[in-house]
Amino acid sequence: MRVILTVLGYVCCVVGVVLSGSELGSFEDFTVIEKHKEGLLSLVENDRAASPVSSQPLMVPLTLIQGAASKGAVCLDGTLPGYHLHRGYESGADSWLIQLEGGGWCNTIRNCVYRKTTRRGSSKYMEKELPFTGILSNKPEESPDFFNWNRVKIRYCDGASFSGDGGNEAAQLIFRGQRIWLAAMEELMSKGMQKASQALLSGCSAGGLAAIIHCDEFRDLFPKTTKVKCLSDAGLFLDAIDVSGGRTLRNLFEGVVTLQGVQKNLPKSCINNKDPTSCFFPQNLIANVKTPLFLLNAAYDAWQLQASLAPRSADPHGSWDDCKSNHARCNSSQIQFLQDFRNQMLSAVSDFSRSSQNGLFLNSCFAHCQSERQDTWFAADSPLVKNKGIAESVGDWYFDRIQVKAIDCAYPCDNTCHNLVFNDDLSTMTYSQSTRLTFTQLYLLSAFLMPIRCS
């Protein structure tokens with residue numbers, strides 16, 4: 001069964017324009033496109049996915065970090081950063097799970113100025129409470145290994161994976177991602193995290209990249225007796241060649257690193273050998289992370305297909321539109337291109353996977369962010385690799401039950417995937433396989449309410 005969500009507009013057109021860095025004719029055009037980008041990003045990252053229909057998700061209120069401003073730790077517009085905390089209990093009372101929110105990046109003055117008007121750049125627009133589902137759920141039947149831990153979601157409002165430090169006075173932009181990270185850690189340590197017996201730093205998408213960047217810093221917060229590990233979900237962004245032979249994502253990352261002053265906060269082990277932009281790519285970081293790290297990623301990552309491999313700037317005639325909308329429509333040469341991308345991902349994790357302390361779950365799905373959604377994290381029909389799901393695999397690795405190096409066979413062998421499909425001819429979006437997924441439809445409709453103009 002498929003859950004069908006009404007989405008107004010031609011999605012592939014939106015993705016191609018908004019993620020290509022194309023200049024638009026007017027600020028009104030730019031604002032319309034950025035609104036659609038914001039909505040689409042929420043869909044792809046599934047950060048508003050509800051828990052199974054049979055139960056209501058736990059709603060956790062937003063807490064602003066009151067002392068952050070004095071440390072210069074503020075969102076793009078100068079507002080206070082925030083987090084959502086649900087306390088652990090019983091056997092989990094001294095265990096902490098920290099999740100870094102994702103949400104793309106801003107790489108130009110123009111799109112950072114727009115970002116200030118959204119929840120991804122200002123706490124003025126953040127939801128006052130969020131559902132805790134998937135790995136954050138408080139129910140043992142939904143997150144059996146972490147349900148009674150102290151669970152925290154740190155909101156993302158800097159646009160540089162919690163790593164920037166700078167600003168632009170003329171545009172009234174403040175780039176303080178690194179300071180937000182530090183202020184949040186200080187706040188949580190004061191709330192009891194300094195007594196943690198075990199801790200897990202996780203993140204999705206841009207937050208997954210942040211979890212890699214800050215993993216060793218997180219380890220250093222605790223004594224050696226504390227069990228500390230890190231989980232990156234959909235954070236393995238590759239420095240890949242796009243369908244035109246260019247490097248769309250490298251160009252975007254170069255803008256982020258340069259504009260937001262990220263270089264000073266990147267690991268010196270990488271900066272000493274590579275250029276700063278290369279050191280924002282996880283493939284150049286993971287080999288030097290000393291703390292045990294788990295990589296959870298779809299081999300045909302839906303966001304990277306849309307935004308890095310085949311954006312409109314690289315495919316001006318739309319020859320990839322059908323394939324991007326639905327992988328079942330890809331022709332043989334497009335499938336081969338995607339198989340090459342998967343092979344590049346396997347190559348990127350080859351050395352990383354040899355370490356016994358590291359974990360890996362790469363499934364051959366067209367998905368993005370699988371730890372936050374209940375249907376992909378832990379449910380009756382969750383995705384499997386070698387008959388084992390994501391939650392069980394992460395738990396086995398964290399608690400050292402067994403080593404986990406789960407690499408799926410190549411597409412189309414896996415029939416357990418919850419693939420992201422855009423049906424542009426019907427103006428609908430579908431998640432295949434899942435019978436348990438529901439969305440807050442008003443949120444989705446409002447995200448796509450504005451008319452779309454594509455050249």
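This report walks through a ten-stranded sheet, a buried helix and a pocket in one predicted model.

Residues are numbered from 1 along each chain as its sequence is written. In this predicted model, local features need pLDDT of at least 70, side-chain atom pairs count only at pLDDT 80 or more, and totals for chains, interfaces and linings use all residues, while side-chain values use heavy atoms, with hydrogens and water left out.

**The sheet**

Let us start with the open sheet of ten strands, which has mixed pairing and runs in the order β5-β2-β3-β6-β4-β9-β10-β11-β12-β15. Helices (H or I, at least four residues) and strands (E, at least two) are DSSP runs, numbered from the N terminus, and two strands pair if DSSP finds at least two bridges between them. At the edges stand β5 and β15, each with a single partner strand, so one side of each is left without a neighbour in the sheet. On average, neighbouring strands of this sheet are turned by 20 degrees against each other, direction ignored. Axes are lines fitted to C-alpha atoms, for helices over the stretch in contact, and angles run from 0 to 180 degrees between N-to-C directions.

Helix α14 packs on the sheet and touches β9, β10, β11 and β12; the direction of α14 makes about 150 degrees with that of β10. Contact here means heavy atoms within 4.5 Å. The strands that α14 touches are listed below.

| Strand | Residues |
|---|---|
| β9 | 198-204 |
| β10 | 227-233 |
| β11 | 293-298 |
| β12 | 359-363 |

Strand β12 pairs with β15 in the parallel sense over three bridges, and Leu360 has Lys405 of β15 as its bridge partner.

**Ser95 in β4**

Ser95 belongs to strand β4 (residues 95-100). With 1% relative accessibility, Ser95 counts as buried; the term means under 20% relative accessible area (1.4 Å probe, protein chains only), with exposed over 50% and partly exposed in between. Leaving aside residues up to four places away in sequence, Ser95 touches Trp149, Asn150, Ser197 and Gln198.

**Helix α5**

What about helix α5 (residues 206-213)? Eight of its eight residues are buried, so α5 is largely enclosed by the rest of the structure. Among them are Gly207, Gly208 and Leu209. The buried residues of α5 pack against β4, β9, α6 (215-220), β10, α7 (248-259) and β11.
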